[in-house]
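Work through the exercises below with the sequence and the model side by side. Try each task before reading its solution.

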Amino acid sequence: MPVARPEPQEPRVIAHVDMDCFYVQVEQRRNPALRGQPTAVVQYNDWKGGGLIAVSYEARKFGVKRSMRGDEAKMVCPSINLVQVPVARDKADLNVYRSAGSELVAILSTKGKCERASIDEVYLDLTDAAKEMLLESPPELLELIFEEATKSNILGLPSDIGNREDSVRAWLCRADADYQDKLLSCGAIIVAQLRVKVLEETEFTCSAGIAHNKMLAKLVSGMHKPAQQTVVPSSAVQDFLVSLPIKKMKQLGGKLGSSLQDDLGVKTVGDLLSFAEEKLQEYYGVNTGTWLWKIARGISGEEVEDRLLPKSHGCGKTFPGPKALRNNASVKSWLDRLCEELSERIQSDLNQNKRIAQTLTLHARASKGNECDSIKKFPSKSCPLRYGTGKIQEDAMKLFESGLHDFLGSQNTKWSITSLSVSASKIFDIPSGTSSILRYIKGPNSTVSPANLDCSLPQDPSLGGINQFSNSSLTVLTCKHASLGNKLYITPNHEEQCEPSSSEKEDRGKNSNLDKQHQVKEEKRMSKKLTDVKGTCSILKFLSQSSPVVNEKRKLDSLTCSHPGPESSSEPNKAEEHKSAQPFDRNKSNPSGSNSASSSTWMFNVEDIDPAVVEELPPEIQREIHGWIRPPKHSSSKTRGSTISSYFQPAKRS
């Protein structure tokens with residue numbers, strides 16, 4: 001339910017910019033021959049010519065509407081050009097339109113806080129830019145007003161066609177206007193300049209609404225289309241809202257709006273004005289009641305979020321009429337395709353924008369064999385999002401099966417799915433200071449840094465078999481207690497390279513020769529052992545590239561990570577030491593007694609290895625890691641024939 005938000009202390013200037021027939025404009029830019037011609041963009045669907053998702057203004061003059069199918073549009077307007085949306089995975093591919101929308105955002109965001117509301121609409125908070133203009137060059141002192149601004153539509157201003165632009169210019173330059181209207185005048189000029197810049201740089205036209213809050217700006221942005229803008233002065237708010245249908249208000253187009261009509265007989269916003277705040281609170285609760293009372297008076301405290309990127313990613317497909325899905329196999333086939341596209345998009349978002357999604361949601365529309373009982377809606381289902389195409393596909397199918405079970409209940413009847421979609425939401429920026437695990441695998445000289453994360457696997461030829469790892473997993477091993485979100489990243493509590501103490505430096509100087517000799521021996525031994533696995537390299541090679549002493553441990557600030565060396569399976573005592581992860585004693589681990597400061601091996605507790613991730617690794621490395629997790633039983637040192645009495649010391653005679 002909607003909740004009333006506190007109003008700002010000072011007046012704001014908010015704009016809502018909406019593209020004109022956006023999909024058509026994108027196709028007209030791709031094919032200039034379509035300009036000025038009746039055109040419509042059609043979703044991929046061969047049933048009755050496909051569904052129209054955008055109609056040019058030239059086609060609208062003939063009576064073509066978005067609710068029509070392609071065949072019907074041709075009957076109304078025989079000369080119409082039907083352009084099909086690009087297709088990928090047997091469904092519409094909107095990437096070309098998303099990219100074009102990003103061009104718009106890049107331009108509009110130069111003047112203030114920008115919130116991308118959808119693929120073709122943006123909210124702007126121009127308060128600071130308007131205040132700056134009002135201080136430096138107020139409209140009443142300008143000799144010339146930006147021409148496009150004089151074409152604005154000012155609510156409450158007499159619309160005399162003969163001198164309309166002169167009237168608008170006079171309103172923008174009023175010296176006796178109050179502070180709020182002066183800010184709106186500056187906002188109108190700024191928006192007009194932005195719209196012209198969008199046209200020059202992208203060839204797209206757009207319309208806009210300028211008001212003191214998001215609600216009013218959204219309501220008026222589409223009043224005068226195409227390529228126009230509308231301003232809402234405070235004095236005109238009441239007259240504008242009084243006759244507005246209640247269903248036109250944001251968040252009142254569904255159940256709440258229907259409830260207002262059925263329970264209170266409210267059909268317009270003016271009807272809502274007759275109810276006291278206490279009465280509305282009695283019906284709809286304190287928060288929603290107050291919200292209704294405020295919006296009826298044009299009051300809204302909703303702020304523009306500083307967000308240039310979408311807050312969710314979604315992929316969907318409709319299956320009208322005979323194309324409805326009627327069994328699990330067909331649902332799974334389409335879910336796999338939708339999840340594959342979704343995986344690509346969230347992966348691209350992660351790589352380009354360093355953002356991670358946390359929730360996977362499935363939506364569907366369905367009907368039962370018994371039509372009279374099909375009023376019940378198919379429930380939406382959500383779960384934590386796991387990165388990787390296969391994992392998303394698996395989880396989405398489980399969500400569908402859960403939703404279908406709830407939809408059917410105890411009935412064993414036929415069903416059909418007419419719409420299916422998956423979405424990734426709760427997208428957050430990766431916190432600064434968070435590193436990919438690849439940073440530790442590649443060693444201290446890696447170019448991967450928290451500020452420049454690269455979620456693709458390293459392409460170093462020396463890494464051999466590690467390049468066979470799945471890109472979708474985004475990581476090779478994960479410490480459960482130090483993971484972020486879906487265990488994609490870890491935040492270390494220590495620096496990557498530990499500075500040795502003064503005593504360690506002295507010991508290192510004294511024993512440098514012994515260190516070198518010992519290092520050469522260890523390199524030869526490890527080289528021979530690592531080559532025993534054919535076709536791929538041991539994972540230990542990548543976890544200890546900068547130091548051959550793989551069974552060395554070190555204690556870090558608050559995260560102690562260790563792993564057993566290759567020879568640990570034959571030495572039970574060492575295996576136990578690795579499991580317990582006790583503080584490291586350098587003198588015991590180094591036969592030469594030296595303290596090797598060059599070691600930067602990243603280690604971990606075997607208990608912290610995520611089995612789900614291990615399953616995605618090459619078989620050779622899986623066997624090696626399983627050897628750490630479940631070390632083979634060690635043969636007893638006792639000789640055959642020993643009895644239990646041999647384990648006890650003989651009693652001493654007194």
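The exercises cover aromatic rings, one helix and salt bridges in this predicted model.

**Exercise 1. An aromatic pair**

Task: Classify the ring pair Phe22 and Phe204, and state which parts of the chain it ties together.

Solution:
- Step 1. Start with the description. A pair of aromatic rings is described by the distance of the centres and the angle of the planes.
- Step 2. Take the distance. The centres of Phe22 and Phe204 lie 5.8 Å apart, and the cut-off for a pair is 6.5 Å.
- Step 3. Take the angle. The planes of Phe22 and Phe204 stand at 80°. An angle over 60 degrees counts as edge-to-face, and Phe22–Phe204 is such a pair.
- Step 4. Place the rings. Phe22 belongs to helix H1 (residues 22-30), while Phe204 sits in the loop between helix H7 (179-202) and strand E10 (206-211), so the pair ties together parts 182 residues apart in sequence.
- Step 5. Check the surroundings. Phe22 and Phe204 are both buried. Ring pairs also link them with Tyr23 and Tyr97 into a cluster.
- Step 6. Set the pair in context. The structure holds eight aromatic pairs.

**Exercise 2. Charges over rings**

Task: Find which rings have Arg60 and Arg337 over their faces.

Solution:
- Step 1. Arg60 lies over the face of Tyr57, at 4.4 Å from the ring centre.
- Step 2. For Arg337 the ring is that of Trp334, and the distance to the ring centre is 3.8 Å.

**Exercise 3. The two sides of H5**

Task: Sort residues of helix H5 (residues 127-136) into buried and exposed, and say what the buried ones pack against.

Solution:
- Step 1. List the buried residues. In H5 these are Thr127, Ala129, Ala130, Met133 and Leu134.
- Step 2. Look down the axis. The buried residues of H5 fall within an arc of 165°, so they line one face of the helix.
- Step 3. Recall the helix geometry. An α-helix has 3.6 residues a turn, so residues three or four places apart point the same way.
- Step 4. Turn to the other side. Asp128, Leu135 and Glu136 are exposed on the face of H5 turned away from its buried side.
- Step 5. Find the packing partners. The buried residues of H5 pack against strand E8 (121-125) and H7.

**Exercise 4. Salt bridges**

Task: Describe the salt bridges Arg30–Glu27, Glu115–Lys214 and Glu148–Lys151, and give the burial of each partner.

Solution:
- Step 1. Begin within H1. Arg30 and Glu27 form a salt bridge, with the closest N and O atoms 3.1 Å apart. Both lie in helix H1, three residues apart, about one turn of the helix.
- Step 2. Read the burial. Arg30 is partly exposed at 48% relative accessibility, whereas Glu27 is buried at 5%.
- Step 3. Go to Glu115 and Lys214. Their closest N and O atoms are 2.9 Å apart. Glu115 is in strand E7 (residues 113-118) and Lys214 in helix H8 (residues 214-221), so the bridge ties together parts 99 residues apart in sequence.
- Step 4. Read the burial again. Glu115 is buried at 6% relative accessibility, and Lys214 is buried at 2%.
- Step 5. Take Glu148 and Lys151. Their side chains meet at 3.9 Å, N to O, and the cut-off is 4 Å. Glu148 is buried at 18% relative accessibility; Lys151 is partly exposed at 35%.
- Step 6. Widen the view. Salt bridges that share partners join Glu115, Lys214, Lys250, Glu302, Glu305 and Arg307 into one network. The whole structure has 28 salt bridges.

Key: Residues numbered from 1 in each chain as written. Predicted model: local features only at pLDDT ≥ 70, side-chain atom pairs only at ≥ 80, totals over all residues. Heavy atoms only, no water. Phe/Tyr/Trp six-rings, centres within 6.5 Å; stacked < 30°, edge-to-face > 60°. Helix = DSSP H or I, 4+ residues; strand = E, 2+ residues; numbered from the N terminus. Buried < 20%, exposed > 50% of the residue type's maximum accessible area, 1.4 Å probe, protein only. Lys NZ or Arg CZ within 6 Å of the ring centre and 35° of its normal. Arc of directions from axis to C-beta. Contact = heavy atoms within 4.5 Å.
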